[in-house]
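Here is a friendly tour of a protein model with a bound ligand. Have a look at the fold first, and then we will turn to the ligand.

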Amino acid sequence: MFPASFEYLSVTSVDEALAALLEHGADARILAGGQSLIPAMRYRLARPAVLVDINRIADLAYIREGGGALQIGANARDFAVEIEPAINARYALISDAAAVVADPIVRQSGTVVGSLCHNDPAGDWTVVALAARAELTVRGKTGNRVIPIDEFLVDSYTTAVAEGEMALEVRFPTPGERTSGSYQKIERKVGDFATAAAGVQLTLDADGTIVAAGIAIGAAGPTAKRVAAGEALLVGARPSRALLRAAAAEARTISDPIADTRGDVEFKREMAAVLVYRGLVATLARLGQGEPA
Ligand SMILES: Cc1cc2nc3c(=O)[nH]c(=O)nc-3n(C[C@H](O)[C@H](O)[C@H](O)COP(=O)(O)OP(=O)(O)OC[C@H]3O[C@@H](n4cnc5c(N)ncnc54)[C@H](O)[C@@H]3O)c2cc1C
C-alpha cells in the first residue's frame, strides 16, 4: 500500500527541525532512518501530515566518548555503531546487540535514537539502554532535557518526547575496568524481531563481588522491562549458580509477552529467564570468571 499523502520537509539544522515541529505540532513526525516510520505509513498505521527529515543534519551523526559516556547522535546509523572500534573494545553489551538488530540492509539506515523513539515492544536498543542505564537528551523550545531511559520509555510506541521536541542523542555510561555485559536474543531467522531478548551489564569489585547490575528483557510486554528484583538480588553478592538462577527467575516473573507466530506466552516467559541466565554467565566469562558453581 502507498502512504497517505504528506508534506516533506528536509532540514539541515536542529533549529530548523524544531521550528518545523513547532509550526506543525501533532501533524508532524521526524523521519530518521525511516525503517519503522515508512512501513507504518505504508500500512496506514501512521498518517503524519508533515515529515521532518533530519538526515541532512550532518552534526548529529556522531559516535564519540566524552563526559564519562558514549554519545550516539540522532543520525548515527546502526551499522556505524556495529563497526565502531571503541564500542567493540569497551561496550560489550552494545557491541553484541549491534550485530543482531534487524539485518545488515536495515542497519545501513536505521538509527539507535530512532529505534528508542519508536519504542517497539520487541526492539533491541530499548533493552540495551535499560540494562546500561542510558539517558537521552531531548530538545524543545525551552532548551534541553536529559531523560533517564526508565522515564523515557512510557508505553508501546510512546516515549517521553513531547510534541514540538526531538531527541538529539543517547548517552551510555562508559563501563569501568571491571564492567562488562552481554546481549542475548532469540529470533526465528536473521533480520527478525526478537522472540525474546535480554541485556545484562555487571560490575565486579576486586574480590569478585557484584557492585552494580543492569538486567532488562524485551518482547516481554508493552515495552522493554528492567528486571529490578533480579538486579537487587545480585548487588552485594558473589556470583553462584543459584544466585544467577534466582535473578533469572525474576525475569520470568515480570515477563508479560503476547502470544504470536514467534511463540506462546509460556515459551517466551521461559526464554526470558534462560536468556538472562545466559547473559549473566557470558558477562562473568568476559570478566574472567567461569560459570559459577
Ligand atoms: C525488515 C525490518 C526488520 C527489523 N528488525 C528489527 C529488529 O530485529 N530489532 C529492532 O530493534 N528493530 C528492527 N527493525 C526496526 C529498525 O531497527 C528501525 O530502524 C528502528 O526501529 C527505527 O529507527 P529509524 O532511524 O529507522 O527511525 P524512523 O523509522 O525514521 O522513526 C521511528 C520513529 O521514531 C521517531 N523519531 C526518529 N528519530 C527521532 C528523533 N531524533 N527525535 C524524535 N523522534 C524521532 C519517528 O518520528 C518515528 O515515529 C526492523 C525494521 C525492518 C524494516
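Five strands form an open sheet in the order β4-β5-β10-β6-β7, and their pairing is antiparallel. The edges are held by β4 (63-66) and β7 (143-148), each with a single partner strand, so one side of each is left without a neighbour in the sheet. On average, neighbouring strands here are turned by 25° against each other, direction ignored. This is a predicted model, in which local features need pLDDT of at least 70 and side-chain atom pairs count only at pLDDT 80 or more, while totals for chains, interfaces and linings use all residues. Residues are numbered from 1 along each chain as its sequence is written, and side-chain values use heavy atoms, with hydrogens and water left out.

Strands and helices are DSSP runs numbered from the N terminus (E, at least two residues; H or I, at least four), and two strands pair if DSSP finds at least two bridges between them. Within this sheet, β5 (residues 69-73) pairs with β10 in the antiparallel sense over 5 bridges, and Q71 stands opposite R171 in β10. Helix α1 (residues 14-24) packs on the sheet and touches β6 (135-140) and β10, where contact means heavy atoms within 4.5 Å. The direction of α1 makes about 125° with that of β10; axes are lines fitted to C-alpha atoms, for helices over the stretch in contact, and angles run from 0 to 180 degrees between N-to-C directions.

There is also an open sheet of 3 strands, ordered β1-β3-β2 with parallel pairing. Here β1 (7-10) and β2 stand at the edges, each with a single partner strand, so one side of each lacks a neighbour in the sheet. Strand β3 (residues 50-53) pairs with β2 in the parallel sense over 4 bridges, and L31 has D53 in β3 as its bridge partner.

Now to the ligand. Its surroundings comprise 29 residues, of which I30, G34, L37, T111 and D124 are the closest; a residue counts as near if one of its heavy atoms lies within 4 Å. The table gives polar contacts, pairs of N or O atoms within 3.5 Å.

| Protein atom | Ligand atom | Distance |
|---|---|---|
| A32, polar backbone | oxygen | 2.8 Å |
| G114, polar backbone | oxygen | 3.5 Å |
| D124, polar side chain | nitrogen | 2.7 Å |

Taken alone, the ligand exposes 970 Å², and the protein buries 89% of that (Shrake-Rupley method, 1.4 Å probe). The largest share of the shell, 5 residues, comes from α7.

Definitions and conventions. Polar contact = N/O pair within 3.5 Å; in protein donor to acceptor, adjacent residues only side chain to side chain.
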